[in-house]
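Colleague: Could we sit down with this model and go through the reasons behind its labels? I would like to see each value set against its cut-off.

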Amino acid sequence: MARVEMAELAHSYRPRPASDADYALKKMTFVWEDGGAYALLGPSGCGKSTLLNIISGLLRPSEGRVLFDGRDVTALSPAERNIAQVFQFPVVYDTMTVAENLGFPLRNRGVAEAEVRARVAEVGEMLELTPMLDRRAAGLTADQKQKISLGRGLVRSDVAAILFDEPLTVIDPHLKWLLRRKLKQVHERFRRTLIYVTHDQNEALTFADKVVVMHDGRVLQLGTPQELFERPEHRFVGYFIGSPGMNFLPCVATDGGLAIAGVETPLDPSLAARVNGSNGTLELGIRPEFIELHETPTPGSLAAQVERVEDLGNFRLVTARLASHELKIKLPEGQALPAGTAHLVLPPAWARLYRDGRLVG
Amino acid sequence: MDKTENNRAWLLVIPVLLVVAFSAIIPLMTVVNFSVQDIFGPGERVWVGTEWFEEVLADTRLHDALWRQFLFSGLVLLIEIPLGVMIALAMPREGWSVSLVLVVLALPLLIPWNVIGTIWIIFTRPDIGLMGNTINRLGLGFDHTASPLDAWVTLMLMEVWHWTPLVALLAYAGLKAIPDAYFQAAQIDGASRWAVFRYIQLPKMRGVLTIAILLRFMDSFLIYAEPFVLTGGGPGNATTFLSIYLVKIAVGQFDLGPAAAFSIIYFLIVLLFSWIFYQVLQNVGRGRA
C-alpha cells in the first residue's frame, strides 16, 4: 500500500515535443492518497491510460518523477514497483488452471508453496471462483476471466496499488453490477489504493470515493462525486458529468450584477468584485436539475421558448431556447409544463460562474 | 428450423465434385487400378490381387529408404521448428527493419526447388564452391559426392536454409497476433522471460506451429527435387528417399504395378502421420496430453 505521488510529471509519445499539443500528458503534480478508491474519468484519448501506465511503470514518463511513499520509482519496472494492473481485455494464461493463474504472481516471486495455496484459496473464495479452481482457464467466459485477472492483482498482499484500465468494457451489463460490487467489497476489506480508469461516469461515480476528471492531458478536478456534480471546477467537468451535462449561458458583468440575455440579475458583492473589470468570456453554468420552470413571469425570470419535451419515464427532459442558446431542463414528473413561453428561474445557490472555462464562484 | 427437401441443391455441388474428381479422385483411382492388376497394354490386364503389395512390403531396399525418410523428416522437424521459433522471437516487432528482415527471410522460399539443388551443388563443390573449398582448405575433407555423412550434412544444411524461413514466418505471424496486454500483464505479474515464452508465446503459437509441423512433415517426407538434383540419391543409396526410390521403380525399371502399390502405401503413411501429429497437437492445447 502506498501513497502515489506524481511530481512535475509530463509525457509525450514524440521524441522531441515542441509545443503543448505534442504532450499526451501535460505537466502535472498530483497525489493519490494511500488506501483511496479513485476513479480516473475522461473521454477516450484524454491521456488516462497513459497516466495509468506511467503509474504502473509500463511506460516511462518523458519528464518528471513518480514517487511511492516518497520513494522515487520512476526508473523501476512494474514488478519492482510491486503494482497490480487489470486490463480492458481479460488476460489469462490459457494453459494453466484457474488456481495456477491466481498463484502465478506469487510463484514468480518465489513465495513458499503453502502460502501460495492459502492465498489462492482465500482470493478464490472472495471472488467466487472456488468451484472452478482446478479447471483450465481457457474455456471460461469473459467475466470469469476478468475475475481471474482481478484475482492475480489481489493475491499479493503487499501490492502498492491496484490499477484498473476500463476492466468492465467486455463484460455483460448485468454482470458489470456484480463485478463492480465485488470491487467495492474488495476495497472495503483490504483498503488498497485503487485507481480505476473509465470513460463511463456511472461506473466512476458508483465505484469511487474520489473522482479525478481528465481532459486533453490535464487533470481538471479531483473531488467526491457530489463535488463534481455541484461545483464543477471546469466547464468540461460540468459538461462531462451528469446526463445531460451542465447548461452554459454567456453573460456580461454589469455594475453589481450580471446580464443574461439582456436580463439583469444581482450578484453577490464579493463575487461581483472578482468578476467586474476582468476580461475573458463569462459563462453561467447551471445543471438541468436545478432550473425552475414557471408559467408566469416572476422577478428576475428569463423568458424562453419550449422547443421539445422528451418523456424519460421518471422525469421529463425539456429543451428550451433562450435567445440563441439551447437549455436542457429536467422536470420532475407531475409538474405542469407551460406550452410556448416558459419563465425560467436560475436559483443563485446552484448557478456557477465560469471565466474562460474555469470556475470563479 | 424447418428443413425442406430440394434435390436441385445437388446441382450446386457438381462443379466442386468435377474439379475434385479430375484433380484427385480419378488419378488416385488410376493408381489403385495399377496396384491390383498387371497391365500390359490397353485391354490386356491380369488381376493380381495383393501380389504387388506383398512384393513391395518385402523389399528391403524400400525398408531402408523408409527409415532414411523417417530420420530425415525427424531431423527436419527437430531442427527447423525450434530454430524457426527462435528466429521469430529474435525478429524486430516494428520499424523499418521488419520489412527488410521479412524480405531476406522469404528469399529462399522464392527459389525454384531444382535451382536450390543446383545452388548447393556449386556452393559445396570441393574445387570451386565457397563452402566446399573453404572446409577443405581448413583440412577437413569434405565431398558430398563421396562421403554419405557429407551428403547428409549438405542435404540438411540445404533443407534448413530453404525451409526454416517458412517456420519463422508462421511463428512470427503467431507472435504478432498476441495482444500487448498479455506482455504487460506478465510484466506486472513478475514473469521471467522464460515464463512469458512458456505460458504466453508458446500457447498462443500453437495454431501456427501445428500448421508449420504438418507442412514441414509432409513436405520433407515427400522431398524429391532437391536431393535428386544435389546427390541423385547417392553416394550409394545414402540419400535415396522414398520418392527417389519410387521414381526409380516407376520410371527407371518401369515396374508400374509395384510402383502403384508403393504409392498407395506412401500416401497412407503421410496421411497417418499427419493425422497423429494433428491429434497430438490439438490435445496438447487442451491439456490432455
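The talk below takes up the domains of chain A and then the salt bridges.

Modeller: Happy to. This is a predicted model, where local features need pLDDT of at least 70, side-chain atom pairs count only at pLDDT 80 or more, and totals for chains, interfaces and linings use all residues. Residues are numbered from 1 along each chain as its sequence is written, chains are lettered from A and ligands numbered from 1 in the order in which they are written, and side-chain values use heavy atoms, with hydrogens and water left out.

Colleague: What makes chain A a chain with domains, and where do they run?

Modeller: Chain A is divided into domain 1, residues 4–239, and domain 2, residues 243–359. Those bounds come from an automatic or database domain assignment. The C-alpha centres of domain 1 of chain A and domain 2 of chain A are 39 Å apart. In contact (heavy atoms within 4.5 Å) are 12 residues from domain 1 of chain A and 13 residues from domain 2 of chain A.

Colleague: How much area do domain 1 of chain A and domain 2 of chain A bury between them?

Modeller: About 1,200 Å², with 51% of it on carbon and sulfur atoms. Buried area here is the accessible area (1.4 Å probe) that two parts lose on being put together, summed over both. In domain 1 of chain A, Phe229(A), Glu230(A) and Arg235(A) lose the most area to domain 2 of chain A, together 44% of what that side buries.

Colleague: Why is the pair Arg235(A) and Glu283(A) called a salt bridge?

Modeller: The term asks for a side-chain nitrogen of Lys or Arg within 4 Å of a carboxyl oxygen of Asp or Glu. The closest N and O atoms of Arg235(A) and Glu283(A) are 2.8 Å apart, so the pair qualifies. Between domain 1 of chain A and domain 2 of chain A the count is 1 salt bridge, while the whole structure has 24 over all chains.

Colleague: How do you know that Lys182(A) and Glu128(A) pair up, and is each of them buried or exposed?

Modeller: Their closest N and O atoms are 2.9 Å apart, so this is a salt bridge too. The pair links distant parts of the chain, 54 residues apart: Lys182(A) sits in helix H6 (residues 173–190) of chain A, and Glu128(A) in the loop between helix H4 (113–126) and helix H5 (142–154) of chain A. Helices are DSSP runs (H or I, at least four residues), numbered from the N terminus. As for accessibility, buried means under 20% relative accessible area, exposed over 50%, and partly exposed in between (1.4 Å probe, protein chains only). Lys182(A), at 11%, is therefore buried, and Glu128(A), at 52%, is exposed.

Colleague: What makes Glu203(A) and Arg180(A) a salt bridge, and why are they called buried?

Modeller: Their closest N and O atoms are 3.8 Å apart, so the pair meets the cut-off. Glu203(A) belongs to helix H7 (residues 201–207) of chain A and Arg180(A) to helix H6 of chain A, 23 residues apart. Glu203(A) has a relative accessible area of 5%, so it counts as buried, and Arg180(A) is buried at 9%.

Colleague: Why are Asp127(B) and Arg125(B) called partly exposed?

Modeller: Asp127(B) is at 46% relative accessibility, so it falls in the in-between class, as does Arg125(B) at 36%. Their side chains meet in a salt bridge at 2.8 Å, N to O.

Colleague: Which residues of chain B are linked in a network of salt bridges?

Modeller: Glu80(B), Glu159(B), Arg216(B) and Asp219(B).

Note on methods:
Helices (H or I, at least four residues) and strands (E, at least two) are DSSP runs, numbered from the N terminus.
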